[in-house]
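Visitor: I am new to this structure. Please show me how to read its features, one at a time.

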Amino acid sequence: MTVTLLGATEIRRLAAELDVTPTKKLGQNFVVDANTVRKIVQAARVQPGERVVEVGPGLGSLTLAILEAGASVTAVEIDHRLAARLSQTVVEHGVPAEKLTVVDADALRITELPGEPTVLVANLPYNVSVPVLLHFLESFSYLKRGVVMVQAEVAERLAAKPGSKIYGSPSVKAAWYGEWKLSGTVSRQVFWPVPNVDSLLVGFDRAEGERGSEEERRRTFQIVDAAFNQRRKMLRQALSGLFGSSAAASDILIAAGVAPTARGEDLTVEDYHRIAQHVARIEDAVVTD
């Protein structure tokens, strides 16, 4: 199977044919460089026979590069015009129609994916990148790894480790699911239109087994949000609203093995999970009594 990729001229022709003007509202910046989309696929370690989910395929640049690697693609596209045209584009470029499944829907609202893909590869719209990633990781346990292109600042936060200034709520929530690392740089010049922000590739490998139950995840994320909503404050103060008072927060933190004088950026995802588990034990004891 010989697959040809899209070039800048054809991308503009397709956009004109569909009367598509890239919009900031949908975060549309189309990649017009074949080497870049191949670089993304290589970073994601896509293998022949795998099924990949792509969010926001647009006109199909990255889609064709994934298919070129021998994978099948489930493409989730919110723009009806783009979703309707993608299958035709793929066939015109040498790919059998059955290798692509198009889901015409909002990625933030879908609850199942045809074919249960194990790899996520995407050029994510900057304005929804973190919510989309967390929704997919929460909803689709069969996703084992992935590489996404996002705004540089977002990528750095997702891969940040405790103790750094950019470590925050997205860092902890992403770490709940597995290990994250920066996977490459992307020039602004490979996009049409050229964005006014830099982009980076960030990749993840899902941890073996679930870290905790769904109830534990929700409780942990609630504590994470409270800690970082007032990130300059010590945890005993930042969590006082959640636990009733600074004194109550201090007692819970000490019992969970966390210093009440620590700040949100000092804790690992394991620390937050441990706090959540301790709170659950307290509540269970109250119910039992």
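Guide: Begin with a pair of helices in this predicted model. Two packed helices are described by the angle between their axes and the distance between the axes. Here, helix α5 (residues 129-139) and α7 pack at an angle of about 25°. Their axes are 10 Å apart.

Visitor: Are α5 and α7 roughly parallel or roughly antiparallel to each other?

Guide: Angles under 35 degrees count as roughly parallel. The α5 and α7 helices are therefore roughly parallel. The crossing of α5 over α7 is left-handed.

Visitor: Which residues make the contact of α5 and α7?

Guide: From α5 come Val130, Leu134, Leu137 and Glu138. From α7 come Pro170, Lys173, Ala174 and Tyr177. Sorted by class, this contact of α5 with α7 has six nonpolar, no polar and two charged residues.

Visitor: How do I make sense of the spacing along a helix?

Guide: An α-helix has 3.6 residues a turn, so residues three or four places apart point the same way. Keep that in mind when you look at the contact lists.

Visitor: At what angle do α7 and α8 pack?

Guide: Helix α7 (residues 169-177) and helix α8 (residues 214-229) pack at about 160°. Their axes are 9 Å apart. Angles over 145 degrees count as roughly antiparallel. That is why α7 and α8 are described as roughly antiparallel to each other. The crossing of α7 and α8 is right-handed.

Visitor: Which residues of α7 and α8 meet?

Guide: On the α7 side, look for Ser169, Val172, Lys173, Trp176 and Tyr177. On the α8 side, look for Glu216, Arg217, Thr220, Phe221, Val224, Asp225 and Phe228. The contact of α7 with α8 divides into six nonpolar, two polar and four charged residues.

Visitor: Next, burial. How many of the residues of α3 are buried?

Guide: A residue is called buried when its relative accessible area is under 20%. In α3, seven of the eight residues are buried, so this helix is largely enclosed by the rest of the structure. The buried residues are Ser61, Leu62, Thr63, Leu64, Ala65, Ile66 and Leu67. Just after α3, Gly70 takes a positive phi of about 95°.

Visitor: What does Thr63 of α3 contact?

Guide: First check its burial. Thr63 has 0% relative accessibility and counts as buried. Beyond its neighbours within four places in sequence, Thr63 contacts Glu54, Pro57, Val73, Leu86, Val90 and Leu100. Thr63 and Thr89 are 26 residues apart along the chain, and their C-alpha atoms are separated by 9.9 Å.

Visitor: And Ala65? Which residues does Ala65 touch?

Guide: Ala65 lies in helix α3, residues 61-68. Its relative accessibility is 3%, so Ala65 counts as buried. Not counting residues up to four places away in sequence, Ala65 touches Leu5, Val37, Arg38 and Val41. Take Leu5 as a case. Ala65 and Leu5 are 60 residues apart along the chain, while their C-alpha atoms are separated by 6.7 Å.

Visitor: Now a charged residue. Where is Glu50 found, and is Glu50 buried or exposed?

Guide: Glu50 is in the loop between α2 (34-43) and β2 (51-55). With a relative accessible area of 16%, Glu50 is buried. Its side chain makes a polar contact with the side chain of Arg145, at 2.8 Å. Leaving aside neighbours within four places in sequence, Glu50 is in contact with Arg45, Ala71, Ser72, Thr118, Val119 and Arg145.

Visitor: Arg45 is in that list. What is the phi of Arg45?

Guide: Phi of Arg45 is near 60°, a positive value in a residue other than glycine. Arg45 sits in the loop between α2 and β2. At 41% relative accessibility, Arg45 counts as partly exposed. Glu116 also has a positive phi, near 45°. Find Glu116 in the loop between β4 (100-104) and β5 (119-123).

Visitor: Which residues does a cis peptide bond join?

Guide: Read omega for this one. A cis peptide bond joins Trp192 and Pro193, with omega about -5°. Pro193 is in the loop between β8 (191-192) and β9 (199-206).

Visitor: Last, the whole chain. How many helices and strands does the protein chain have?

Guide: The protein chain has 12 helices and nine strands. Of its 289 residues, 52% count as buried. The C-alpha atoms fill a box of roughly 65 × 40 × 30 Å along the principal axes. Among contacts with a separation of 6 or more, residues 24 or more positions apart account for 71%.

Technical notes. Residues are numbered from 1 along each chain as its sequence is written. This is a predicted model: local features need pLDDT of at least 70, side-chain atom pairs count only at pLDDT 80 or more; totals for chains, interfaces and linings use all residues. Side-chain values use heavy atoms; hydrogens and water are left out. Helices (H or I, at least four residues) and strands (E, at least two) are DSSP runs, numbered from the N terminus. Buried means under 20% relative accessible area, exposed over 50%, partly exposed in between (1.4 Å probe, protein chains only). A polar contact is a pair of N or O atoms within 3.5 Å; within protein, one must be able to donate a hydrogen and the other to accept it, and residues adjacent in sequence count only if both atoms are side-chain atoms. Contact means heavy atoms within 4.5 Å. Axes are lines fitted to C-alpha atoms, for helices over the stretch in contact, and angles run from 0 to 180 degrees between N-to-C directions. Angles under 35 degrees count as roughly parallel, over 145 as roughly antiparallel, 65 to 115 as roughly perpendicular and the rest as oblique. A crossing is left-handed if the near helix is turned anticlockwise from the far one by less than a right angle, and right-handed if clockwise. Ala, Val, Leu, Ile, Met, Phe, Trp, Tyr, Cys and Pro count as nonpolar, Asp, Glu, Lys and Arg as charged, and the others, Gly among them, as polar.
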